[in-house]
Number of protein chains: 2
Amino acid sequence: MAKKVAQVPFIQSLDRGLTILQTVATSTQPVTLGELSELLGVDRSSAFRLAQTLRRRGFLSTPAGRKDYILGSAMWTLSRQYDWSNMLVRVAHQELKALAQGLNETAHLAIREGRNALFIDSVHARHVIVVAGQTGELVPLYSTAHGKALLADLDDKELRNLFGSDPLQKFTKTTIKTLPALSKECVTIRERGYAVDEAEYMEGTRCVAAPIRLNSGIIVGSIGISAPSSRFLKEHYPSHSKRVIQCAKKIGELLSASEEAAEQSA
Amino acid sequence: MAKKVAQVPFIQSLDRGLTILQTVATSTQPVTLGELSELLGVDRSSAFRLAQTLRRRGFLSTPAGRKDYILGSAMWTLSRQYDWSNMLVRVAHQELKALAQGLNETAHLAIREGRNALFIDSVHARHVIVVAGQTGELVPLYSTAHGKALLADLDDKELRNLFGSDPLQKFTKTTIKTLPALSKECVTIRERGYAVDEAEYMEGTRCVAAPIRLNSGIIVGSIGISAPSSRFLKEHYPSHSKRVIQCAKKIGELLSASEEAAEQSA
DNA sequence: AACTATATTGCGCAGTACGCAATTTGATTA
DNA sequence: TAATCAAATTGCGTACTGCGCAATATAGTT
């Protein structure tokens, strides 16, 4: 196992170029050639040619006559036009299936879409009575487990910015009414790692969902299971939430990982 | 001038790697090794090693035992954590200044931030009476020229998703009241290229703003000028909007360009 | 204006990355 | 289940790319 290090062939100059990209992207200040050269441990001229190549392609940019580098718009464009939800579905589907089958309940995968949560994938269990939740359906962020999991990292200010000052629409008697209450719940979700839905959007259903995070910590989606309250009892929360969290963690690793992703599939 | 082609040294393998990234990012389907090899005009093995390098770093990913490539999360992470507004300010500031001085009025630079427009930079003109609009200020998207410029590409559905069904808050007697009206205005903005604010947010001020687009077309910010209605008259719209549009175009080119950016700074 | 630090270009060698060919993997058909 | 085929992956020697060095240009400082 330990012997298996570095058997993956890799292209030196491409690798260096990617290091430059990541360095510039994580720096708050423009990065100078000298810094790049030192970082890579190569000559200034080499760093220069790498950086120029990235600039030619629009991945780096040198603003207003300056010599130091900031990110160019190519990364912006690529990232924006790419269909990330599709990517997420592809990576997560196996896990989603395993979750649904393990608990024998419907499992959903969701992402944030403006002020709503959008279900982008689901696996149904072998039950006659299931919680529908079609793929493609939009539901409010503040009144569903998935939605709240997606909001987990927002603070007061960000929540207000997102929802404005209008009162929150009430769907059931348990729907959260105010932003402060929502903010408090977000804290809880961050701490314990999962969100619940006590029939807050639809009567008679319970749901647990956990945020999916990249290794950088940012939330990119949510995964969870839903079932009629008659079958999904409150005492199931501990065990169910545990599995949902594990599943979210696994997907996060699949997304972030690169090397490892190959190993475990073998 | 024409002789100056290709004098910029560039690193072949890095350049090829970037081509792979762009190809994968713009493809709706996962991309196979064969396709990459053909695209680059190199041997399968070469394409393989390039792709592996990108995968090792998390820029590409191979979902669930598949062999074909999709984008990895590295790009997602980098793009999300990067402070794009800062980048925009750096690139656009010169132009913003030129615009403000050219028309001798206050010029603003804004981006979208949830349901608001956020002013990220401004240059004031030499007037005693100016429109304040501090950098850092949040204003509603639907009742300001900047906001509407930022919304220009949204359709009915997207607008509803963003604002929900709550009625729009009224600030002045000219504030837009309904989403259909807003949607119609978006069409106009797309067609003529600029948005106006007829004292829709604050009494006694006029404003013209144009969306800043990357070469891919996506709107990343807005630029415009504001002034008291007493000085900024309706008859100024044609000339002012023309200059604002030109300025937005210029900034879009600066953002998208790479080669050219170097030439004009020389 | 002289000086310093940094960016940029030219050049020749060394090492990297390329293509070829062999091997493995995995999917499809008999 | 074996046989067949297509695609991915690995090994290896060579040619060319990309590297460092040193020279030059550029910009910022005193």
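Which residues come nearest among the 19 residues around DNA strand D? Let's look at this predicted model one close-up at a time.

**Figure 1. Residues around DNA strand D.** Of the 19 residues around this strand, the nearest are D43(A) and S46(A) from chain A, joined by Q12(B), L33(B) and S45(B) from chain B. Two or more residues of this surface come from each of α1 and α3 of chain A, and also from each of α1 (12-26), α2 (33-40) and α3 (44-56) of chain B. You can look for α3(A) here, as this helix gives the largest share, four residues. Sorted by class, the surface near DNA strand D has nine polar, five nonpolar and five charged residues.

**Figure 2. Residues around DNA strand C.** Here 20 residues surround the strand, and Q12(A), L33(A), S45(A), D43(B) and S46(B) come nearest. Chain A supplies at least two residues from each of α1, α2 (33-40) and α3, while α1 and α3 of chain B each supply at least two as well. The largest share, four residues, belongs to α3(B). This surface has nine polar, six charged and five nonpolar residues.

**Figure 3. Where chain A meets chain B.** Chain A brings 64 residues to the contact, and chain B brings 63 residues. On the chain A side, the elements that each supply at least two residues include α1 (12-26), α5 (84-103), α9 (237-256) and the strand β2 (70-71). Of these, α1(A) gives the most, with nine residues. The side of chain A that touches chain B is made up of 27 nonpolar, 25 polar and twelve charged residues.

Key:
Residues numbered from 1 in each chain as written. Chains lettered and ligands numbered in written order. Predicted model: local features only at pLDDT ≥ 70, side-chain atom pairs only at ≥ 80, totals over all residues. Contact = placed C-beta atoms within 7 Å. Nonpolar A, V, L, I, M, F, W, Y, C, P; charged D, E, K, R; others polar. Near = placed C-beta within 6 Å.
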